[in-house]
Amino acid sequence: MSAAATRRLTTAQALVRFLAAQYTERDGVRHRLIAGTWGIFGHGNVAGLGQALVEYREAMPYHQGRNEQAMVHAAVGHARHLNRLSAQAVTTSIGPGATNLVTGAALATINRLPVLLLPGDYFASHAADPLLQQLEHPVEADVSVNDALRPVSRYFDRITRPEALLASALQAMRVLSDLAETGAVTLALPQDVQAQAYDWPEEFFADRVWRVRRPAPDPAELAEAVRAIRAAARPLIVAGGGVHHSEAEPALKALVDATGIPVASTQAGKGALRHDHPADLGGIGHTGTAVSDALARTADLVIGVGTRYSDFTTASGTLFQHPGVRFLNLNITAFDAHKLAAGTLVCDARSGLTALTEALAGHRVDAAYEAEYRTGRARWEEAVEGAFQADDDSAVPTQTQVLGALDAVVGDADVVINAAGSLPGDLHKLWRARSPRQYHLEYGYSCMGYEIPAALGVQQAAPGTPVWALVGDGTYLMNPTEIVTAVQENLPVKLVLVQNHGYASIGGLSESVGAERFGTDYRHRVADGSFTGAPLPVDLAANAASLGMDVLRAKTVRELREALATARAATRPTCVYVETAPPSAALPAQAWWDVPVAEVSAREAATDARAAYERAVADRRRHL
């Protein structure tokens, strides 16, 4: 009997060849599991993975990043747009390059989005010890800075021998392709091991397909769910990101069309129904619409579909106030399905929604309930129009008017990306989502600096699609560097850069909790130590231009509309820069959010805020 065929490669070469042969498949459609690799090279990966990516550059696309955290954000944006069926890898050097991955890894894992992290590591042999940038722990010699990635990874391993990769690489792919487990996966790669040669079995490099399951609901759970829905007088669906990840939007629409049950959406779930569907109520929770939150307070059955119920969604436990409210959660993970002491349907969202529609045949909510929520959504639509429209086209636009101008320009396929600041609240309340993937808000981690790199990942996933990154001045200053990557990769992303001279969201929150907007303005420091002087002479538009973007400056509503239309048609990275007028209080938060206030203070603003806090927190409920 002849010996099994082998191929002699370095560990890094073997890993790249292996990753290039991995695929996912769902509903008969195949995707590359690892569609490309982002990288910044330094000691720790340049001689290993760097050399391997050159060797096999035809098999594994490479993208050059400028910031390690940003590379993870780009990979996450790519994965989300492709419904988690395709991911990207990120490689960094040892030391600061590796620790810069932690924020991005946390974002990926919190949002249940797949990304493969390949940081360099110390010498497994300890031949060069201590290594440049090595963390020397006095009692644990096998600890490196990469261990900081353990709590934010869904799977972690350090490959200390070449043959260890055989089992670990398979486990990594299993986690990345399992939608109930996915998130950041880390394979820490000691730099000497990356360069070591080994006789790899040929089977390791064969094409491998990871089938993405659509688990069906348990019959007993389904029967209980149907009974609960039939018994409810005021049911409300809360659509989360799982609807999108499952590509369950048509199944949700079929259920709603058949039963008349209204739908409110989390930040991740917005767009699960098209905005003009008569049962779409828009966002829910602290940043939700008036009609969604009013119905949530009176709902007797809340049906969560693919949501993890963050505190923004539940208004920190104060939103669902019906005395007999119960919860029914359809989720692919039992962990999320059991939240709020809910009845459960642990299954794929599309499979579960389809089964519910069939089992509920002939059931429909009362006509008076439908009339109530349709009236409420019409009233909210009037409020949206008021926020979007400007009385004077020659005036400086407000932030909501910026969104109104963008709303008038985008098509159904455009993608709008945001993550942090005051824009997420305005978008959740106001944006009219026209298609399932148009509204792209990262609000599980709400990470400043996500928007620009995520736009690159989405643009890679959807060539030819207009992709908009909406960025405030605070977020822009956190992470503008991937503009250079957009220019280098010829990715025609559109950046809407909103200048309001500070942290608008945290400034408002600071004021509401008695911190008096301290430390939230981008202004000169004055004599008493506060930042209340003139705005800083900072020109962010010039900065974007210096990084290679075409920049359009808009000073009025009219100029803004023209600039947005020009940007949409552009074939290279383009920035629309606009300075906004002070925010309007026309559409305040419709529900509370718990940010604890100082229990004692000598300042009146804080004592007043504490009194308001105690009134609000009295409405919190424990749903058991």
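Set aside the neighbours within four places in sequence, and threonine 287 is in contact with Gln267, Phe312, Gly425, His428 and Lys429. One of these partners does a bit more than touch: the side chains of threonine 287 and histidine 428 are joined by a polar contact of 2.6 Å. Keep in mind that this is a predicted model, so read that distance as a computed one.

Where does threonine 287 sit along the chain? Look in the loop between strand 14, residues 280–283, and helix 11, residues 290–298. Is threonine 287, then, buried or exposed? Its relative accessible area is 6%, and the cut-off for buried is under 20%, so threonine 287 counts as buried.

Now move over to aspartate 199, which you'll find in strand 10, residues 197–201. What does aspartate 199 touch, once residues up to four places away in sequence are left out? The answer is Thr6, Arg7 and Arg8. With arginine 8 there is also a side-chain to side-chain polar contact, at 3.2 Å. As for arginine 7, 192 residues separate it from aspartate 199 in sequence, yet C-alpha to C-alpha the two are 5.3 Å apart in space. Aspartate 199 has a relative accessibility of 39%; partly exposed covers the range between 20% and 50%, so that is the class aspartate 199 falls into.

Step back and take in the whole protein chain. Its secondary structure adds up to 24 helices and 23 strands. The radius of gyration is 25 Å, close to the 25 Å that the globule rule gives for 624 residues, so the chain is as compact as a globular protein of that length. If you'd like a feel for the dimensions, the C-alpha trace spans about 80 × 70 × 55 Å along its principal axes.

How do contacts run along the sequence? Take those in the protein chain with a separation of 6 or more: 76% of them are between residues 24 or more positions apart. Burial can be put as a share too, with 57% of the 624 residues counting as buried, and threonine 287 is one of the buried residues.

That leaves the outside and the charges. About 24400 Å² of the protein chain is exposed, and 54% of that comes from carbon and sulfur atoms. On the charge side, there are 55 positive and 67 negative side chains, and the centres of the two sets lie 4 Å apart.

Notes: Residues numbered from 1 in each chain as written. Heavy atoms only, no water. Helix = DSSP H or I, 4+ residues; strand = E, 2+ residues; numbered from the N terminus. Buried < 20%, exposed > 50% of the residue type's maximum accessible area, 1.4 Å probe, protein only. Polar contact = N/O pair within 3.5 Å; in protein donor to acceptor, adjacent residues only side chain to side chain. Contact = heavy atoms within 4.5 Å. Rg over C-alpha atoms; globule rule 2.2 N^0.38 Å. Areas by Shrake-Rupley, 256 points an atom, 1.4 Å probe, with all protein chains shown as cover. Lys, Arg positive; Asp, Glu negative; His and termini not counted. Charge placed at Lys NZ, Arg CZ, Asp CG, Glu CD.
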